[in-house]
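Q: Please take a close look at the part of this protein that surrounds the ligand. I would like to know what holds the ligand there and how the neighbouring parts of the chain are arranged.

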Amino acid sequence: MNSPGDASLPPLQAGTLYLVATPIGNLEDITLRALRTLREVDVIAAEDTRHSSRLLAHYQISKPMISYFQFNEAKRSEEILARLARGEKIGLITDAGTPGISDPGERVVKAASAAGFRVESVPGPCAFVSALVSSGLPTEEFHFCGFLPHKSGQRKNKLKALEPIPGTLIFYESPYRVEKILEELKEIYPAREVVIARELTKKFEEILRGRPEEIIAKIQNRTLKGEFVILVGPAIT
Ligand code: SAM
């Protein structure tokens with residue numbers, strides 16, 4: 001295994017898109033390789049440059065940045081591809097976690113790999129992995145579902161369609177729809193064990209466990225704030 005500062009560490013390769021995982025809350029959750037990669041790339045492509053500049057400032061990394069929001073992603077992909085074609089090394093980061101998991105990084109990777117460019121992952125934090133391993137639910141088999149659609153009918157159809165899937169189901173959800181998803185789970189999966197993983201790696205990290213109805217009762221007099229992963233255990237047969 002390489003040690004930090006090891007001269008045998010391979011140099012970054014020209015014309016490569018590096019997918020660099022960043023913390024999901026705790027600034028210490030970043031790997032040595034991620035920091036070295038961010039220091040050595042030619043440019044950092046960030047979902048939101050203002051958000052990411054706090055992380056980079058914390059580690060005294062000063063690099064040119066380009067932003068790619070969901071809205072201008074298609075155009076930015078073109079710019080990223082042109083830069084890769086010129087042999088630039090690009091570090092792609094998102095607001096949190098592993099680029100490409102339920103975030104706009106996915107489209108940039110598709111475009112770069114379809115154009116034949118080298119794509120390399122610099123692994124690190126990912127919210128659903130942290131949530132799954134601390135949930136107490138089965139980890140051997142699981143299905144990551146990302147975000148449900150916004151419309152009620154589509155959400156319910158999606159939840160029902162997932163019923164025959166074995167293993168733990170994992171969802172990302174906005175704080176505004178946590179109560180909504182719990183009501184939907186109460187209706188569709190009343191007997192399953194549900195886990196809510198809130199604010200992982202942050203000061204107010206919290207894990208709530210129980211049947212949907214029990215969790216609803218637990219949070220009845222609270223306003224749940226922050227970021228959430230929702231997990232649904234498999235049907236007990
Ligand atoms: N790429 C990221 C990853 O690797 O997990 C996910 C990006 S997605 C746009 C953001 C969602 O991830 C949030 O809405 C929430 O569901 C989940 N998430 C991110 N950070 C979290 C945290 N600290 N605690 C709980 N959930 C988190």
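A: What follows starts with the whole chain, moves to the ligand site, and then goes through residues and elements one by one.

The model is a predicted one. The protein has eight helices and 10 strands. Its C-alpha trace spans about 55 × 35 × 35 Å along the principal axes. Of the 237 residues in the protein, 43% are buried. The accessible surface comes to about 12,500 Å², and carbon and sulfur atoms account for 52% of that surface. Contacts reach far along the chain: among those between residues at least 6 apart in sequence, 69% join residues at least 24 apart.

Now the ligand. The ligand sits in the largest pocket. Two elements, β7 (168–173) and β10 (228–232), each give two or more residues to the shell around the ligand. There are 19 residues around the ligand, and those that come nearest are I24, T98, D103, Y172 and F228.

Three polar contacts can be described atom by atom. On the side chain of Y172, a polar atom lies 2.6 Å from an oxygen atom of the ligand. F228 contributes through its backbone, where a polar atom is 2.5 Å from a ligand oxygen. E227 uses its side chain, with a polar atom 3.4 Å from a nitrogen atom of the ligand. On its own the ligand has 580 Å² of accessible area, and the protein covers 90% of that area.

A127 is a useful link between several of these residues. A127 is in helix α5, which runs over residues 127–135. Leaving out residues up to four places away in sequence, A127 touches I24, Y172, L200 and V229. Two of these contact partners, I24 and Y172, are also among the residues that come nearest to the ligand. A127 and F228 are 101 residues apart along the chain, but their C-alpha atoms are separated by 8.8 Å.

Next comes the loop between β4 and α4. P99 has its place in this loop. P99 counts as buried because its relative accessibility is 7%, below the 20% cut-off. Beyond its neighbours within four places in sequence, P99 is in contact with L19, V20, A21, L92, I93 and T94. S102 lies in the same loop, between β4 and α4 (105–114). S102 has a positive phi of about 50 degrees, although this residue is not a glycine. At 32% relative accessibility, S102 counts as partly exposed.

From P99 the view passes to T22. The two residues are 77 apart in sequence, and 8.5 Å separates them from C-alpha to C-alpha. T22 lies in the loop between β1 and α1. T22 counts as buried because its relative accessibility is 2%. Not counting residues up to four places away in sequence, T22 touches D29, I30, L55, I93, T94, D95, A96, G97 and P125. Of these, I93 and T94 are also contacts of P99.

The loop that holds T22 leads to helix α1. In α1 (residues 32–40), the buried residues are A34, L35, R36, T37 and L38. These buried residues pack against β1 (16–20), β2 (43–46), α2 (49–58), β4 (90–93) and β5 (118–122). R36 deserves a separate word, as an arginine in this buried set. Its relative accessible area is 19%, so R36 counts as buried, the cut-off being 20%. Outside the span of four places in sequence, R36 touches L9 and P10. A polar atom of the R36 side chain lies 3.3 Å from the backbone oxygen of P10.

One further loop residue can be set beside S102. T201 has its place in the loop between β8 (194–198) and β9 (206–210). Phi of T201 is near 70 degrees, a positive value in a residue other than glycine. T201 is partly exposed, with a relative accessible area of 23%.

To return to the request: the polar contacts to the ligand described here come from the side chain of Y172, the side chain of E227 and the backbone of F228. Around them, A127 in helix α5 touches I24 and Y172, among others.

How values were computed
Residues numbered from 1 in each chain as written. Predicted model: local features only at pLDDT ≥ 70, side-chain atom pairs only at ≥ 80, totals over all residues. Heavy atoms only, no water. Buried < 20%, exposed > 50% of the residue type's maximum accessible area, 1.4 Å probe, protein only. Helix = DSSP H or I, 4+ residues; strand = E, 2+ residues; numbered from the N terminus. Contact = heavy atoms within 4.5 Å. Near = heavy atom within 4 Å. Polar contact = N/O pair within 3.5 Å; in protein donor to acceptor, adjacent residues only side chain to side chain. Areas by Shrake-Rupley, 256 points an atom, 1.4 Å probe, with all protein chains shown as cover. 1 Å grid on protein atoms, 1.4 Å probe; cavity = no way out; pocket = protein on both sides within 12 Å on 5 of 7 lines; lining within 4 Å. Sits in = over half its atoms within 2 Å of the grid points.
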